[in-house]
Amino acid sequence: MTLLAPPRDAWYIAAASSEVARRPVSRTIFDEPIVLFRDEDDRAVALVDRCLHRNMQLSAGRVVGGCLECPYHGWRYDGAGRCVAIPSLDPGVRVALPEIPRYPTAECDGYVWVWMGRDEPGDPLRRFPHLGERGWTTFSMTTRFPAGAFACLENFLDCPHTVFVHRGWFRTRDPRQVRARVQRHHDRVVAEFVDERPARSVVRTLFFPAGTPLCHTDQFVLPATSRVDYAFRTNRHFIITSECTPVSEHETLVYTVITFRYRRLGALVRLVFQPMARFIIRQDVAILGLQTSQLRRFGGARFTTVETDLFARGIRALWTAAADGRSASPVSDDVTIRF
Ligand code: FES
Ligand SMILES: [Fe+2]
């Protein structure tokens, strides 16, 4: 991975809990091949995806009685990464073998998380806001982005691109300007938009009543989370949280959870909002794919950052500080954005 990557000492989502079922699941996180499966106690386990015998991918094998069986010669491994059977040997024969390295795992909010740090897990697990609470409706999406985590996070929190990439869906060009107060804290960067009125768009027509002031906040949270809040009237609130799991320099798995309070209309709003959210995400996948192909063609990034790139400097500062094992210093800025 390049220098500009999220810190390793953190929990990352490896898969939805429902994906880790009968078959082993193959994942790459920070360029490391990982196999996930459930042990005999039904706990999700993550091991390095490599058989001790001839290096086969264990994720191409199967799960038998809570053990992972290699597809090549059938060696079996338990949830601790210990080899418990070598079928070609007489059962009495003992072979001294190391354990396959294991990643600490946890299961929460419907996802299997892995700790990618070198040391023991430190931070508590991040939770998705208002999940399963009364009055809140939720749906989730998993998207493979052909782009690094920085490009993804910047995109999810970027306003100016919405006028162009999502023309008409979120915003149309208009003469308004919006003020944002951007604050950098030790673990997050928060942009609060002041006196924002919903712009003319499909989203406004469907979900935001005309003329109602909007409370809009965008946040980047360490290590690689974006959160967007839209609240209006007293009781209506949309929260879009995206957890980025770095696969490699130019690939990211993004787990997005959309939770909203829309009273009794929750199910109806979901019916309309879900396909629309997928459509909008596909537009971002396409534009980020193009950006990545440019980064490859030109052999790296040459960015010009302006003040309306609200999060670029903050994300960079927090990641650099985390890599150095220190806390970034607080910064506050007022920025005007034109659409
Ligand atoms: S390579 Fe796994 S059992 Fe031989
Ligand atoms: Fe976008």
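Q: Hi! Which residue in the turn between β2 and β3 has a positive phi?
A: Phe-30 has a positive phi of about 50°, and the turn belongs to a hairpin in which 2 residues lie between β2 and β3. Strands here are DSSP runs of E with at least two residues, and helices are runs of H or I with at least four, both numbered from the N terminus.

Q: Anything I should know about the model and its numbering?
A: This is a predicted model, where local features need pLDDT of at least 70 and side-chain atom pairs count only at pLDDT 80 or more, while totals for chains, interfaces and linings use all residues. Residues are numbered from 1 along each chain as its sequence is written, and chains are lettered from A and ligands numbered from 1 in the order in which they are written.

Q: Back to the hairpin. How many bridges join β2 to β3?
A: There are 5, and the two strands, with β3 covering residues 32-38, run antiparallel. Two strands pair if DSSP finds at least two bridges between them. Val-25 has Leu-36 in β3 as its bridge partner.

Q: And which side chains of β2 are buried?
A: Val-25, Arg-27 and Ile-29 point to one face and are buried, whereas Ser-26 and Thr-28 point to the other and are not. A residue is buried if 20 or more other C-beta atoms lie within 10 Å of its own, exposed if 12 or fewer, and partly exposed in between, with C-beta atoms placed from the backbone. In a regular strand the side chains alternate between the two faces of the sheet.

Q: Zooming out, how many helices and strands are there?
A: The protein has 5 helices and 19 strands. Its radius of gyration is 22 Å, close to the 20 Å that the globule rule gives for 339 residues, so the protein is as compact as a globular protein of that length. That radius is taken over C-alpha atoms, and the rule is 2.2 Å times the number of residues to the power 0.38.

Q: Which domains does it have?
A: Domain 1 (11-115) and domain 2 (136-338), with bounds from an automatic or database domain assignment. Their centres, taken over C-alpha atoms, are 35 Å apart.

Q: How many residues of each are in contact with the other domain?
A: 9 residues of domain 1 are in contact with 7 residues of domain 2, a contact being two C-beta atoms, placed from the backbone, within 7 Å. β1 gives 4 residues to the side of domain 1 that touches domain 2, the largest share.

Q: What about the largest nonpolar core, which residues touch the most other members?
A: Among its 70 residues, they are Tyr-12, Ala-14, Leu-36, Val-114, Cys-152, Leu-153 and Ile-315. The core draws at least three residues from each of domain 1 and domain 2. A nonpolar core is a set of buried Ala, Val, Leu, Ile, Met, Phe, Trp, Tyr and Cys residues joined through C-beta atoms within 7 Å.

Q: Ile-315 is in helix α5, then. What else is buried in α5?
A: Besides Ile-315, the buried residues are Ala-312, Gly-314, Leu-318, Trp-319 and Ala-322. The buried residues of α5 pack against α1 (149-156), β13 (177-184), β14 (188-196) and β15 (214-221). Just after α5, Gly-325 takes a positive phi of about 70°.

Q: Last one: what is the strand order in the open sheet of 4 strands?
A: The order is β5-β6-β7-β8, with antiparallel pairing. β5 (62-64) and β8 (83-85) stand at the edges, each with a single partner strand, so one side of each is left without a neighbour in the sheet. Val-63 stands opposite Leu-68 in β6.
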